[in-house]
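Colleague: I am new to this structure and would like a close look at one helix. Please take me along it, past its end and into what surrounds it, and explain the terms as you go.

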Amino acid sequence: MTKRFFFPAGVALLLAACSTVQSPQDRLTVNDQKIDAIIAQMTLEEKVEMLHSKTNMSSAGVERLGIADMHYADGPFGIREEGQPNGFMSAGWTLDSATYFPTGSALAATWSKEMAYLYGTGMGTEARLRGKDVILGPAVNIQRLPVGGRTYEYLSEDPILSAALALEYTKGVQDKGTAVCIKHFAVNNQETNRGSVDAQLDERTLREIYLKPFERAVIEGGAMSVMPAYNKVNGDYCSENEHLLNEILRGEWGFKGFTVSDWGGTHSTMGAMLHGLNVQMTGSNYLGQPVIDSIATGALTEALVDEKVRQILRVRFAIEAVPEDVANTKMTSQPECQDIAKKVAERSIVLLKNEGMLPIAKEVKKIAVIGQNAVLKTQSGGMGAGVKALYEVTPLEGIRKRAGADVEVTYAPGYKNFPGRRWGPAPAEPNPLEAAAIDEPADPALLTEAVALAKDADLVIFFGGTNKSIETEGSDRQNIDLPTGQNEVVAALHEANPKLVTVLISGGPTDLRQLEPVSPAIVQGWWNGTEGGTALAEVLFGDIAPSGKLPFTFPARLEDSPAYAMGNFPDPNGAGGDLFSLMFRPDVLKMSPEERQKFIDSLPKPVSKYTERFYVGYRWFDTKDVKPMYAFGHGLSYVEFEYDDLKAVVGKDAVKISFKLENEGSMPADEVVQLYVHRIDSKVEWPAKELKAFQHVSLAAGETKVVNLEIPLKDLRYWNETTNAWDLEHGKLQLLLGSASDDIRETAEVTI
Ligand code: BGC
């Protein structure tokens, strides 16, 4: 194991930050002189050692000079269990069980900056206990496709919401002395052909939609490292994309830290060296010996290597290495972090529909819980984002505990679970509770058993949705249909007992056209972490009012969503042959660099065209007047909120809004107030409306608060493709204030 050393640099950094007003990125440069003195003592070999992986989850320092290795941890929903040095296989440790935090779309459903910050502090705290310097997260790409394998990992379809949460998560992590590695930069919106697809989009869409979360986290949050994505953007791999890494990230945003390629996402020595990559993860075939060779031939300079090492060392100096005898001496999961996971889960649950079923009435004495999603643990699966949780309260456990001795809770699996692709050998006997195909119809025996329980209960709670084999890194869903006959099951349950609540346990949207008419109440319950079941029970029983709001549109039909409607996804040319998966084929691994290049050149070149442009999510649905199943920002409460007295003034730098918000109910409740902008008589093309500000507000029963919101004028700009710069269009704006994108309560007009 590498020896670790302490750097007093964290303190120096803090003092420097207090004495002068510096941008968060500039604070990384306070040790540059010291760093340059160290670089002067390093051999070329030592420098190049720092540019690639040392183990699967570390890159080298220089022990001789007291520079500790850099230790990475997945992220983003909990510190991943310790793997073997050469891969992801478990190291078999006992103290590496972490807190499993709610997944990305669940965090985003809180619409709470405070929760995102706390979440970051929780991740940062546990990373330190494990001796990790860099968290491979947050994952902040825009949710472009409802079927996206990583839609659940990402935050939202909206750049303003995603950016605000990415910023707070980043601050939270870094305030605990750990660096973020914000990912996946950029336009990483599909898993299909993820290692080779070229995302082709215009500059305005890139700037206004896809880069926003990264931009705020880097500029305002001081994100110390960035992970270039697997895919290409406009022709170049992200790990060697001059426009993304050198021109925008370093040039325009002033990024001073280092970039780490996604695992297996480095593609060449010259491309990576010249166009902005610092560290190849994993392997050294590009940023190892070939760098030394290229310097010998004069193709590269040692000064370029020095610059890359300087950028890495800035982070190494800002983050104190955890001493070896301190790291991993305590269980990773900590009570205060479990508490954060619970708070986030409580605020994330979205009440989609409620025809008088919720909260569960006092008279209910027998509840039938139906559906395997009530008992399946969701911590693992999904590949990189899986967590070995210290514990996970399932929905059924949460309900049973909260119901207490007075209420009988029965359970039946209802439908078979689809386990997805199996890693490792197939079980000797088929599991009767597992389906062989995702679209397998309902199992008659399970259905009969479930209906019998439903008939005999005062209330039925049906748990549907997907699982982390269906929504997972590495593949996209074929459709958003509910799997394994769930529609059939819920219809039969409703016929047996119309007192029915449906809870959806999934990370992304599902097709609810059949389920909705037979579900008097619907709750989106997410993959909600260590305390997910506890939080869900609190909401179902009315201990707290639900306050989550959808961070993405639930389309009625998948084909209604923009990339599908425009024929952009799936790739109409059907180009396949994902470079990423092919590169790991044993025969390819054996090839010489020349053979490999020839092989790569012979592969199909998959493309994803973004001709829907900035009409992503609700921007599309609203502009094209397509009614979704549930709109972006939708989420009901157990109380009503009254919006009143909207006032708006245009200041020098911002539009300032104030209004009164009243909780008309008899219980405390939170509301997420949302402010959208519609442009009047504009010459520039705009979506029908765009979110520009929001706030999560807590109100006691009957309380009224004056809420203030601000839209910085800079957030009203558009990317002018003629001048290649941000531009503010002066003119009239209609401000739309409400409880959801389709529930606008107050409007006002201002001129900017
Ligand atoms: C994923 C990253 C992850 C990395 C390390 C990659 O396959 O795309 O998100 O951080 O693996 O596990």
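Modeller: Gladly! One term first: a polar contact is a pair of N or O atoms within 3.5 Å; within protein, one must be able to donate a hydrogen and the other to accept it, and residues adjacent in sequence count only if both atoms are side-chain atoms. You are looking at a predicted model, where local features need pLDDT of at least 70 and side-chain atom pairs count only at pLDDT 80 or more, while totals for chains, interfaces and linings use all residues. Residues are numbered from 1 along each chain as its sequence is written, and side-chain values use heavy atoms, with hydrogens and water left out.

Our helix is α6, which runs over residues 159-175. The name comes from DSSP runs, numbered from the N terminus: helices are H or I with at least four residues, strands E with at least two. α6 has 17 residues and reaches 24 Å from its first C-alpha to its last. That is close to the expected 24 Å, taken as 1.5 Å times one less than the number of residues.

How is the helix placed in the structure? It is largely enclosed by the rest of the structure, because 15 of its 17 residues are buried; buried means under 20% relative accessible area, exposed over 50%, partly exposed in between (1.4 Å probe, protein chains only).

Start at the N-terminal end of α6, which is capped by Asp158. One of the side-chain oxygens of Asp158 lies 2.8 Å from the backbone nitrogen of Ile160.

Now step off the other end. Just after α6 comes Gly177, with a positive phi of about 85 degrees. Then look at Thr178, in the loop that leads from α6 to strand β5 (179-185). Thr178 counts as buried, because its relative accessibility is 0%. This is where the opening definition helps: a polar atom of the Thr178 side chain lies 3.3 Å from the backbone oxygen of Gly124.

Follow the chain into β5 and you meet His184. The peptide bond from Lys183 to His184 is cis, with omega near -5 degrees. Most peptide bonds are trans, and most residues other than glycine have a negative phi. A second cis bond to look at joins Gly75 and Pro76, with omega about -5 degrees; Pro76 sits in the loop between β3 (70-73) and α4.

Positive phi values are found in residues other than glycine too. Trp526 has a phi near 60 degrees and lies in the loop between β16 (521-524) and α17 (532-540). With a relative accessible area of 1%, Trp526 is buried. Arg613 has a positive phi of about 55 degrees, and its place is in the loop between β17 (607-609) and α22. At a relative accessible area of 26%, Arg613 is partly exposed.

Finally, return to α6 and the space beside it. A cavity is a set of points, on a 1 Å grid over the protein atoms alone, where a 1.4 Å probe fits but cannot get out, and lining residues have an atom within 4 Å of a point. Both α6 and β21 (690-699) supply at least two residues each to the lining of the largest cavity. That lining has 13 residues, and those nearest the cavity centre are Glu208, Lys212, Lys692, Asp715 and Arg717.

Methods: 1 Å grid on protein atoms, 1.4 Å probe; cavity = no way out; pocket = protein on both sides within 12 Å on 5 of 7 lines; lining within 4 Å.
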